[in-house]
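Open the model in your viewer and keep the sequence panel in reach. The tour below goes from one selection to the next.

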Amino acid sequence: MKVAVVGAGIVGATAAYYLSKEKDCQLTVFDYGQGQATKAAAGIISPWFSKRRNKAWYKMARLGADFYINLIADLQTDGWDTSFYKQTGVCLLKRDETKLTELKALASNRREESPLIGQLAILSQKEVSARFPNLQGFDQLLYASGGARVEGASLTETLLAASGCQVIQDKVSLKTLADGTYQLAGQTFDQVLLATGAWLPEILEPLGYEVDIRPQKGQLRDYFFTDFRTDNLPVVMPEGELDIIPFKAGQVSVGASHENDQGYDLIPDAQILQELESQARVYLPILSRAKRHQERVGTRAYTSDFAPLYGQVPELTGVFAASGLGSSGLTTGPLIAKELVNLLVGKSGQLDKEDYPIERYICKKS
């Protein structure tokens, strides 16, 4: 079976890794190398405090967090370094700190089905200082020990390397052939997995489809220190767009923006990034001591109701797609990829695909 994966972000890379384990699969990966949301993702795995009413989305998100444990175990068994992922805990901040008790109760109720949440505690600034000495700007916060941080670019690089696949950097179009196979970049394939994120309309619209996907620009800034030990610091999640994510080796990431009116623009906006820094320095003044910083910009994909889509493309047997993951892509992406691989090879998965009807978002033009 010749299979093409188009897109090497979090979904495509995870799919390539698991497809490479299928004995009868000859795999080719295509990626244009531009605009991946994964490369500019903040990298927080902590879905348990969401108040979204969409129960199907929350199930996907909590199972996505759980799935990381399996993914990391699989990569470690294969001999790969997985330091890009670590459960360092997460600190939630609220302007109205009375809401912390409500959030703790919500997470406590969810912990029965999601024990990964770990320890929950409302901590004072003095108590937090033992875990995060330089954090300030609050009286209390909610701490959950199971929260994790993940470096998306390192994760995808590892998955692609573990798959053994060479990534062909080419912008491809999809052609249907009379014998029921598909053509990409002059090669013929039996099955195709489209993991092109916000660019899914570009590949399906020429085949006569309407695709409910729109782009969202996301920007963040990475700060690098030589005198600040960051390896074991928890993630900090204030209200709004701001997140503060300490990574290993003196790196702290601040972001990410959610810009709905910038289309596919990938140019860093100094004003947006400076606003994020100003907000972050309220909690982490040490940012002013960073030796250098760099910017990352990516394009997220959203549907009109903010729910992700995955499954077989209507009327295209053997063509599967995923998109619309939005800002939760690093949480849900690996699980969605594994579900797609299961569909492609005829195995059962963890999710009921009827809860995520792809035809709601992809349909033939009338």
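Which residue takes a positive phi in the hairpin of E20 and E21? The model is a predicted one, and the tour of it starts at this hairpin.

**Stop 1: the hairpin**

Select residues 309-312, strand E20, together with residues 319-323, strand E21. The two strands pair in the antiparallel sense, over four bridges. Six residues lie between the strands, and among the residues of this hairpin Glu-315 takes a positive phi near 70°. Now select Glu-315 alone: the residue sits in the loop between E20 and E21. Glu-315 is not a glycine, yet its phi is positive, at about 70°. Most residues other than glycine have a negative phi. Is Glu-315 buried or exposed? Its relative accessibility is 63%, so Glu-315 counts as exposed, the cut-off being over 50%.

**Stop 2: Ala-321**

Move from the loop into strand E21 and select Ala-321. The bridge partner of Ala-321 is Gly-311. Ala-321 has a relative accessible area of 0% and is therefore buried, as the cut-off is under 20%. What surrounds Ala-321, leaving aside its neighbours within four places in sequence? Show the side chains of Leu-194, Leu-200, Leu-309, Tyr-310, Gly-311, Val-313, Leu-340, Ile-358 and Ile-362: Ala-321 is in contact with each of these residues. Then draw a distance between the C-alpha atoms of Ala-321 and Leu-193; the viewer should give 5.7 Å, for two residues that are 128 residues apart along the chain.

**Stop 3: a pair of helices**

Select helix H2, residues 55-77, and helix H8, residues 329-345. Two packed helices are described by the angle between their axes and the distance between the axes. For H2 and H8 the angle is about 75° and the axes are 7 Å apart. An angle of 65 to 115 degrees counts as roughly perpendicular, so H2 and H8 are roughly perpendicular to each other. Which residues make the contact? On the H2 side, show Met-60, Ala-61, Leu-63, Gly-64, Ala-65, Phe-67, Tyr-68 and Leu-71. On the H8 side, show Leu-330, Thr-331, Thr-332, Pro-334, Leu-335, Ile-336 and Lys-338. Coloured by class, the contact of H2 with H8 has 11 nonpolar, three polar and one charged residues.

**Stop 4: two open sheets**

Strands of a sheet pair through backbone hydrogen bonds, either parallel or antiparallel. Select E10, E11 and E12, which form an open sheet of three strands in the order E10-E11-E12, with antiparallel pairing. Strand E10 (175-176) and E12 are the edge strands, each pairing on one side only. E10 is joined to E11 by two bridges, and Lys-175 has Gln-183 of E11 as its bridge partner.

Stay here and select Ala-185, in the loop between strand E11 (182-184) and strand E12 (187-189). Ala-185 has a positive phi, near 50°, and is a residue other than glycine. With a relative accessible area of 41%, Ala-185 is partly exposed.

Next, select the open sheet of three strands with the order E3-E8-E4, where the pairing is antiparallel. Its edge strands are strand E3 (44-45) and strand E4 (85-86), each of which pairs on one side only. Two bridges join E3 to strand E8, residues 148-150. Look for Ile-45 opposite its bridge partner in E8, Ala-148.

**Stop 5: a cis peptide bond**

Select Gly-255 and Ala-256 and show the backbone atoms. What kind of peptide bond joins Gly-255 and Ala-256? The bond is cis, with omega at about 0°. Ala-256 lies in the loop between strand E18 (251-255) and helix H7 (270-283).

**Last stop: the whole chain**

Clear the selection and zoom out. The chain has eight helices and 22 strands. Along the principal axes, its C-alpha atoms fill a box of roughly 70 × 45 × 45 Å. The radius of gyration of the chain is 21 Å, which agrees with the value near 21 Å that a compact globule of 366 residues would have. Of the 366 residues, 55% count as buried. How much of the contact in the chain, at a separation of 6 or more, comes from residues 24 or more positions apart? Such residues account for 74% of those contacts.

Notes:
Residues are numbered from 1 along each chain as its sequence is written. This is a predicted model: local features need pLDDT of at least 70, side-chain atom pairs count only at pLDDT 80 or more; totals for chains, interfaces and linings use all residues. Side-chain values use heavy atoms; hydrogens and water are left out. Two strands pair if DSSP finds at least two bridges between them. Axes are lines fitted to C-alpha atoms, for helices over the stretch in contact, and angles run from 0 to 180 degrees between N-to-C directions. Angles under 35 degrees count as roughly parallel, over 145 as roughly antiparallel, 65 to 115 as roughly perpendicular and the rest as oblique. Contact means heavy atoms within 4.5 Å. Ala, Val, Leu, Ile, Met, Phe, Trp, Tyr, Cys and Pro count as nonpolar, Asp, Glu, Lys and Arg as charged, and the others, Gly among them, as polar. Buried means under 20% relative accessible area, exposed over 50%, partly exposed in between (1.4 Å probe, protein chains only). The radius of gyration is taken over C-alpha atoms; the globule rule is 2.2 Å times the number of residues to the power 0.38.
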